[in-house]
Amino acid sequence: MTRRLPTIHGITEHDAGPYRLERLELEFANGERRNYERLHGRGHGAVIVVPMIDAETVLLVREYAAGMHRYELGLVKGRIDAGETAVQAADRELKEEAGYGAHSLTLLRDLTLAPTYMSHTAQLVIARDLYPERLPGDEPEELEVIPWKLAALHELILREDFSEGRSIAALFIAREWLGMQA
């Protein structure tokens, strides 16, 4: 069933650090009125990169996750800078976080984080044909790079230190896509 989007009768904005908080006054097709809040990211979007060191092995990074106050395994990810494409940002982030560049970068799709209240998306990029190259990044410490076999994805998703939904979804999408390429 196709539904008409709610009518926005008003938007109130508030600064929320790296985000803009908006309060929406909405009216739905059935006449119901509600107030919703959403976060808009500032900037040009983000990338999440699946770096394949070989046909079966992805490179993960372990970095401090302030939201959970622990070290977390995940994929290379970061903001898209002004003037960059998602593919250029993916290559730069890969060099900064994992110490590799990629001769082959394929943009697959957008992933949302929490679409019911955030406008944030990350563009999923598969990086292949890697070569060593490091760029200075903005991380406060060097990230640990950990190779992981895609065949052992079932073990990875059960680890307590691998919990980010975007990384989990990206690896399943990448594994399916790479299987179709073989």
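This is a short tour of the pockets and aromatic pairs in a predicted model.

**Stop 1: the largest pocket**

Start by selecting Tyr-19, Lys-77, Gly-78, Arg-79 and Arg-166. Of the 41 residues lining the largest pocket, these lie nearest its centre. With your view centred there, you are looking into about 1,200 Å³ of space.

Which strands and helices each supply at least two residues of this lining? Colour them one by one as you go: strand 4 (46-54), strand 5 (57-65), strand 6 (70-74), strand 7 (76-79), helix 1 (86-97) and helix 3 (165-181).

Now try colouring the lining of the largest pocket by residue class. You should find 15 charged residues, 14 nonpolar ones and twelve polar ones.

**Stop 2: the second largest pocket**

Next, move to the second largest pocket, whose volume is about 290 Å³. To get there, select Leu-24, Leu-26, Tyr-36, Arg-38 and Thr-116, the closest to its centre among the 15 residues that line this pocket.

Show strand 2 (19-27) and strand 3 (33-41) here, as each supplies at least two residues of the lining. Which strand gives the most to the lining of the second largest pocket? That is strand 3, with four residues.

Colour by class again: the lining of the second largest pocket has ten nonpolar residues, along with three polar and two charged ones.

**Stop 3: the aromatic pairs**

Keep Tyr-36 on screen, since the tour now turns to aromatic rings. A pair of rings is described by how far apart the centres are and by the angle between the planes. How many aromatic pairs does a search of the whole structure find? The search finds two.

For one of them, add Phe-28 to your selection of Tyr-36. Their ring centres are 6.0 Å apart and the planes meet at 50°, so this pair is tilted. Switch on the surface and you can compare the partners: Phe-28 is partly exposed, with a relative accessible area of 27%, and Tyr-36 is partly exposed too, at 38%.

For the other pair, select Tyr-64 and Tyr-71. Here the arrangement is edge-to-face, with 5.8 Å from centre to centre and 65° between the planes. Are these two rings' residues buried, partly exposed or exposed? Tyr-64 is partly exposed at 38% relative accessible area, and Tyr-71 is partly exposed at 43%.

**Before you close the viewer**

For a last look, show both pockets together: about 1,200 Å³ in the largest and about 290 Å³ in the second largest.

Methods
Residues numbered from 1 in each chain as written. Predicted model: local features only at pLDDT ≥ 70, side-chain atom pairs only at ≥ 80, totals over all residues. Heavy atoms only, no water. 1 Å grid on protein atoms, 1.4 Å probe; cavity = no way out; pocket = protein on both sides within 12 Å on 5 of 7 lines; lining within 4 Å. Points joined across faces, edges and corners; volume = space filled by probe spheres on them. Nonpolar A, V, L, I, M, F, W, Y, C, P; charged D, E, K, R; others polar. Phe/Tyr/Trp six-rings, centres within 6.5 Å; stacked < 30°, edge-to-face > 60°. Buried < 20%, exposed > 50% of the residue type's maximum accessible area, 1.4 Å probe, protein only.
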